[in-house]
Amino acid sequence: MIKVNLFDYIDLDGVNIVRTWLDHRDAKTKAKLNTRLNILEQTDRAEWNKLNTEVLQGDKDGLIAVRVEYKGIQYRLLGYDGPNRGEFTLLACGTERNDKYIPLDIGNAAFQRRTTVEKNPSERRTRHDFR
């Protein structure tokens, strides 16, 4: 059984982009999103597909979307397995409506951030804070 540790991306200014995004949601939405992430961290990685995650294709190929629907809004947190075994790094956050991600460039942002993380994991990410 492989459980993973969740990490958040830290931008070049030292800002935790996941924490900042979550802090701009209302308390119940934030709790719902963090509950899903906590469940994922406690679940064998092989079982994630049963828990509303999706391996993306096309222009987001290789990224994984954590999918949470709450109050009619489809939230998406994009990340990837890595950079080390047993780690999942959250790279970008947004919503999905009519099969389109908002913000529209979320895939590009996630890929650029993944490259940054790969070059320097210790400075470009931190353990996810479930508060």
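A residue is called buried when its relative accessible area is under 20% and exposed when that area is over 50%, with partly exposed residues in between. The structure shown in these close-up views is a predicted model.

**Figure 1. The two sides of helix α2.** Helix α2 covers residues 27-41. Its buried residues are Thr29, Lys30, Leu33, Asn34, Arg36, Leu37, Leu40 and Glu41. Viewed down the helix axis, these buried residues fall within an arc of 155°, so they line one face of α2. An α-helix has 3.6 residues a turn, so residues three or four places apart point the same way. Ala27 and Lys28 are exposed and sit on the face of α2 that is turned away from the buried side.

**Figure 2. The length and the start of helix α2.** The 15 residues of α2 should span 21 Å at 1.5 Å a residue, and the C-alpha atoms at the two ends of the helix are indeed 21 Å apart, which agrees. At the start of α2, Asp26 places a side-chain oxygen within 3.1 Å of the backbone nitrogen of Lys28.

**Figure 3. The surroundings of His128.** His128 is found in the segment that follows strand β7 (125-127). With a relative accessibility of 6%, His128 counts as buried because the limit for a buried residue is under 20%. Its side chain and that of Asp8 are joined by a polar contact of 2.7 Å. Leaving aside residues up to four places away in sequence, His128 touches Leu6, Phe7, Asp8, Val18, Arg19, Leu22, Asn34, Leu37 and Leu90. Among these neighbours, Asn34 and Leu37 are buried residues of α2.

**Figure 4. Arg45 and its salt bridge with Asp81.** Arg45 is located in the loop between α2 and strand β2 (53-55). Is Arg45 buried or exposed? At 18% relative accessibility, Arg45 counts as buried, whereas Asp81 is partly exposed at 41%. The two residues form a salt bridge in which the closest N and O atoms are 2.9 Å apart. Asp81 belongs to strand β4 (residues 73-81) and Arg45 to the loop between α2 and β2, so the pair ties together parts that are 36 residues apart in sequence. Apart from residues up to four places away in sequence, Arg45 touches Ile2, Val4, Ile64 and Asp81. The C-alpha atoms of Arg45 and Glu87 are separated by 9.8 Å, although their positions lie 42 residues apart along the chain when counted as a separation in sequence.

**Figure 5. A salt bridge between strands β2 and β3.** The search of the whole structure finds 9 salt bridges, and one of them joins Arg67 to Glu54, with the closest N and O atoms 3.1 Å apart. This pair links distant parts of the chain, with Arg67 in strand β3 (residues 64-70) and Glu54 in strand β2, 13 residues apart. Both partners are partly exposed: Arg67 has a relative accessible area of 30%, and Glu54 has one of 31%.

**Figure 6. A network of salt bridges that includes Lys30.** Salt bridges with shared partners join Arg19, Asp23 and Lys30 into one network. Within this network, the side chains of Asp23 and Lys30 meet at 2.7 Å, taken from N to O. Asp23 is partly exposed, with a relative accessible area of 38%, while Lys30 counts as buried at 17% relative accessibility. Lys30 is also one of the buried residues of helix α2, and Arg19 is among the residues that touch His128.

Conventions. Residues are numbered from 1 along each chain as its sequence is written. This is a predicted model: local features need pLDDT of at least 70, side-chain atom pairs count only at pLDDT 80 or more; totals for chains, interfaces and linings use all residues. Side-chain values use heavy atoms; hydrogens and water are left out. Helices (H or I, at least four residues) and strands (E, at least two) are DSSP runs, numbered from the N terminus. The expected span of a helix is 1.5 Å times one less than its number of residues. Buried means under 20% relative accessible area, exposed over 50%, partly exposed in between (1.4 Å probe, protein chains only). The arc is that of the directions from the helix axis to the C-beta atoms. A polar contact is a pair of N or O atoms within 3.5 Å; within protein, one must be able to donate a hydrogen and the other to accept it, and residues adjacent in sequence count only if both atoms are side-chain atoms. Contact means heavy atoms within 4.5 Å. A salt bridge is a side-chain nitrogen of Lys or Arg within 4 Å of a carboxyl oxygen of Asp or Glu.
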